[in-house]
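Got the viewer open? Here is a short walk through the fold, one selection at a time.

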Amino acid sequence: MAAPEVRNDTDKQQYSLVEDGEVIGFAAYEVDGDEIRFVHTEVDPSHRGGGHASILVQHALDDVRAYSSRRVVAQCSYVHAWIERHPDYQELTTR
């Protein structure tokens with residue numbers, strides 16, 4: 001089993017978590033001007049509990065940090081809680 005990969009599927013407006021060629025989770029977003037709003041995060045029930053959602057959100061936020069100056073708005077409760085637990089990512093919400 002290969003390590004999961006995170007891809008930004010801009011056409012679907014979501015970061016997809018892909019394992020062995022299969023999408024096992026996603027973090028949906030909406031772009032509005034200088035904001036990127038994370039609106040929903042979901043991981044397939046058979047893959048929950050293994051840290052997959054955390055991997056997905058961290059990679060998505062790292063991508064925003066590296067390639068965008070957009071401010072992150074965490075409308076999704078999981079993304080909001082993840083940012084609260086990781087203070088080094090909180091600056092993304094105040095850009």
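**Stop one: a pair of tyrosines**

Keep in mind that this is a predicted model. Start by selecting Tyr15 and Tyr29: both are buried. Their rings make a tilted aromatic pair, 5.4 Å centre to centre with 45 degrees between the planes. Tyr15 belongs to strand S2 (residues 14–19) and Tyr29 to strand S3 (residues 22–32), so the pair ties together parts that are 14 residues apart in sequence. Now add Phe38 to the selection, and you have one aromatic cluster made of Tyr15, Tyr29 and Phe38. The model has 4 aromatic pairs in total.

**Stop two: the core**

Two of those names come back here. The largest nonpolar core has 19 residues, and Tyr15, Phe38, Leu61 and Val72 have the most contacts inside it. Colour S2, S3, S4, H1 and H2 to see the elements that each give two or more residues to this core. H1 gives the most, with 5 residues. As background, nonpolar side chains tend to be buried together in soluble globular proteins.

Next, centre on Val72. Leaving out residues up to four places away in sequence, Val72 touches Ile36, Phe38, Leu61, Val64, Ile83, Leu92 and Thr93.

**Stop three: two sides of H2**

Move to helix H2 (residues 77–85) and show Val79, Trp82 and Ile83, which are buried. Why do these residues sit on the same side of H2? They cover an arc of only 95 degrees around the axis, which puts them there. Turn to the other side of H2 and you meet Ser77 and Glu84, both exposed. What do the buried residues of H2 pack against? Show strand S4 (35–43), helix H1 (52–67) and strand S5 (71–74), and you have their partners.

**Stop four: the arginines**

Select Arg37, in strand S4. Is Arg37 buried or exposed? Its relative accessible area is 18%, so Arg37 counts as buried, the cut-off being under 20%. Setting aside neighbours within four places in sequence, Arg37 is in contact with Ala28, Tyr29, Glu30, Asp32, Val73 and Gln75. Tyr29 is the residue you met at the start, in its pair with Tyr15.

Two other arginines are worth a click. Arg65 lies over the face of Tyr89, 4.5 Å from the ring centre. Then pick Arg85, whose charged end sits over the ring of Tyr78, 5.9 Å from its centre.

Notes
Residues are numbered from 1 along each chain as its sequence is written. This is a predicted model: local features need pLDDT of at least 70, side-chain atom pairs count only at pLDDT 80 or more; totals for chains, interfaces and linings use all residues. Side-chain values use heavy atoms; hydrogens and water are left out. Rings of Phe, Tyr and Trp (its six-membered ring) pair if their centres lie within 6.5 Å; planes under 30 degrees apart count as stacked, over 60 as edge-to-face and the rest as tilted. Helices (H or I, at least four residues) and strands (E, at least two) are DSSP runs, numbered from the N terminus. Buried means under 20% relative accessible area, exposed over 50%, partly exposed in between (1.4 Å probe, protein chains only). A charge sits over a ring if NZ of Lys or CZ of Arg is within 6 Å of the ring centre and within 35 degrees of the ring normal. The arc is that of the directions from the helix axis to the C-beta atoms. Contact means heavy atoms within 4.5 Å. A nonpolar core is a set of buried Ala, Val, Leu, Ile, Met, Phe, Trp, Tyr and Cys residues joined through side-chain atoms within 4.5 Å.
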